[in-house]
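Subject: The structure I promised you

Hi,

Here is the structure I said I would pass on. Have a look at it first, then read on with the viewer open.

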Amino acid sequence: MPETIGQEFMRRTGPRGRRLQTAQELGEPQPPLELPYDPQAPLIDLPDPLATEIQPLDVRTAIALRRSLRKYAGEPISLAELSFLLWATQGIKKVTSRPVTLRTVPSAGARHAFETLLLVNHVEGLEPGLYRFAAVEHALLRLDVPDANARITHACLEQSQVLTSAITFIWVAVVERMKYRYGQRGYRYLHLDAGHVCQNLYTAAEVIRCGVCAIAAFNDDELNGVLSLDGEEQFAIYLGSLGRQPA
Ligand SMILES: Cc1cc2nc3c(=O)[nH]c(=O)nc-3n(C[C@H](O)[C@H](O)[C@H](O)COP(=O)(O)O)c2cc1C
């Protein structure tokens, strides 16, 4: 018989009865560092992100130049540039013995509760469509979502920067990974974490002369539906469209 909400409350209530104990406090095993995927699915290798050729740009200039860009030059970005952007936003620097991942962005308790989906429109060497970033492997997986651009643009209230982007990053919250440690408070941390990720996309984009527009105006149910997310345990939290800066 599944546990009722009342039984779960009784089980998780701490010694002083004030706060629900988290799954971590109850000694439950932690969720995996990334969502599982079909082991038969071909992984698309990405170039070494630390080898991507970039023109030097000091941090002060990158921060000063940053703005939201919604009109892009049509040229594609390279796979090496995409690899750099994925490294800057979710790249794993280390898997510790706990194990947790340490990445290029901070995360509350190093929970790193996001998966990155990519709407690819103009990337050299990649068919347009929807992809998932496998962070541990630093590789891509192709997802089968027909008409991804039109449907995601529609779910984003027809914002044209999605349609015309070279690539749009879609960050998906995997609630269990954050709630495991922080319970209900984890929802706050998910939203804070998302800000760090998108900010790094803005900054990294400047380095390769691209621009980004953060996007949080979208129809949740529609977007989650297109991405086959249930909207509760996993949901789209934030997006960033990206393309080349116009000359
Ligand atoms: C949380 C958040 C959500 C945003 N959502 C959208 C959006 O859906 N569409 C859009 O065009 N801009 C969006 N923006 C970009 C803001 O409009 C932009 O940052 C603001 O106008 C300031 O301009 P700047 O980024 O060029 O400095 C969003 C920014 C943030 C931080």
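Below is what I found in it, place by place.

Before anything else, keep in mind that this is a predicted model.

**Two helices that cross**

Start with helix H3 (residues 79-90) and helix H7 (residues 186-207). Their axes come within 8 Å and cross at roughly 145°. The crossing of H3 and H7 is right-handed. On the H3 side, the contact is made by Phe84, Leu85, Ala88, Thr89 and Gln90. H7 brings Val197, Asn200, Leu201, Ala204, Ala205 and Val207 to it. Sort the residues of this contact by class and you get eight nonpolar, three polar and no charged ones.

**Thr52, next to H3**

Now go to Thr52, which sits in the loop between strand S1 (43-45) and helix H2 (59-65). Is Thr52 buried or exposed? Its relative accessible area is 10%, and buried means under 20%, so Thr52 counts as buried. What does its side chain reach? One partner is the backbone oxygen of Pro49, at 3.3 Å. Another is the backbone oxygen of Ala80, at 2.9 Å. If you skip neighbours within four places in sequence, Thr52 is in contact with Ala80, Glu81 and Phe84. You have met Phe84 already, as one of the H3 residues in the contact with H7.

**Around the ligand**

Next, click on the ligand. The residues around it include Arg66, Arg67, Ser68 and Arg70, along with Gln159 and Gln161. Also around the ligand are Cys213, Ala214, Ile215, Ala216, Ala217 and Tyr238. Three side chains are worth zooming in on:

- Arg66 has a polar side-chain atom 2.8 Å from an oxygen atom of the ligand.
- Arg70 places a polar side-chain atom 2.7 Å from an oxygen atom of the ligand.
- Gln159 has a polar side-chain atom 2.7 Å from a nitrogen atom of the ligand.

**A buried arginine**

Arg177 belongs to helix H6 (residues 175-182). Why does Arg177 count as buried? Because its relative accessibility is 3%, and the cut-off for buried is under 20%. The side chain of Arg177 has a polar contact of 2.9 Å with the side chain of Glu115. Leaving out neighbours within four places in sequence, Arg177 is in contact with Pro31, Pro32, Leu33, Glu34 and Leu35, among others. The other residues it touches are Arg111, His112, Ala113, Phe114 and Glu115.

**Odd backbone spots**

His112, one of those contacts of Arg177, is also worth a look for its backbone. It has a positive phi of about 40° although it is not a glycine. You will find His112 in the loop between S3 and S4, and at 4% relative accessibility it counts as buried. Ala110 is found in the loop between S3 and strand S4 (114-120). Its phi is near 55°, again a positive value in a residue other than glycine. Ala110 is buried, with a relative accessible area of 13%.

Where is there a cis peptide bond? Look between Arg98 and Pro99, where omega is about 0°. Pro99 lies in the loop between strand S2 (92-95) and strand S3 (101-103).

**Two residues with partners elsewhere in the sequence**

Ala139 is part of strand S6 (residues 139-143) and is buried, with a relative accessible area of 1%. How far apart are the C-alpha atoms of Ala139 and Leu46? They are separated by 5.4 Å, while the two residues are 93 residues apart along the chain. Apart from neighbours within four places in sequence, Ala139 is in contact with Leu43, Ile44, Leu46, Arg132, Phe133 and Ala134.

Val145 is found in the loop between S6 and helix H4 (148-155). With a relative accessible area of 16%, Val145 is buried. Its C-alpha atom is separated from that of Leu130 by 6.4 Å, and these two are 15 residues apart along the chain. Leaving aside neighbours within four places in sequence, the contacts of Val145 are Leu130, Arg151 and Val226.

Have fun clicking around!

Cheers

Note on methods:
Residues are numbered from 1 along each chain as its sequence is written. This is a predicted model: local features need pLDDT of at least 70, side-chain atom pairs count only at pLDDT 80 or more; totals for chains, interfaces and linings use all residues. Side-chain values use heavy atoms; hydrogens and water are left out. Axes are lines fitted to C-alpha atoms, for helices over the stretch in contact, and angles run from 0 to 180 degrees between N-to-C directions. Helices (H or I, at least four residues) and strands (E, at least two) are DSSP runs, numbered from the N terminus. A crossing is left-handed if the near helix is turned anticlockwise from the far one by less than a right angle, and right-handed if clockwise. Contact means heavy atoms within 4.5 Å. Ala, Val, Leu, Ile, Met, Phe, Trp, Tyr, Cys and Pro count as nonpolar, Asp, Glu, Lys and Arg as charged, and the others, Gly among them, as polar. Buried means under 20% relative accessible area, exposed over 50%, partly exposed in between (1.4 Å probe, protein chains only). A polar contact is a pair of N or O atoms within 3.5 Å; within protein, one must be able to donate a hydrogen and the other to accept it, and residues adjacent in sequence count only if both atoms are side-chain atoms. A residue is near a molecule or strand if one of its heavy atoms lies within 4 Å of it.
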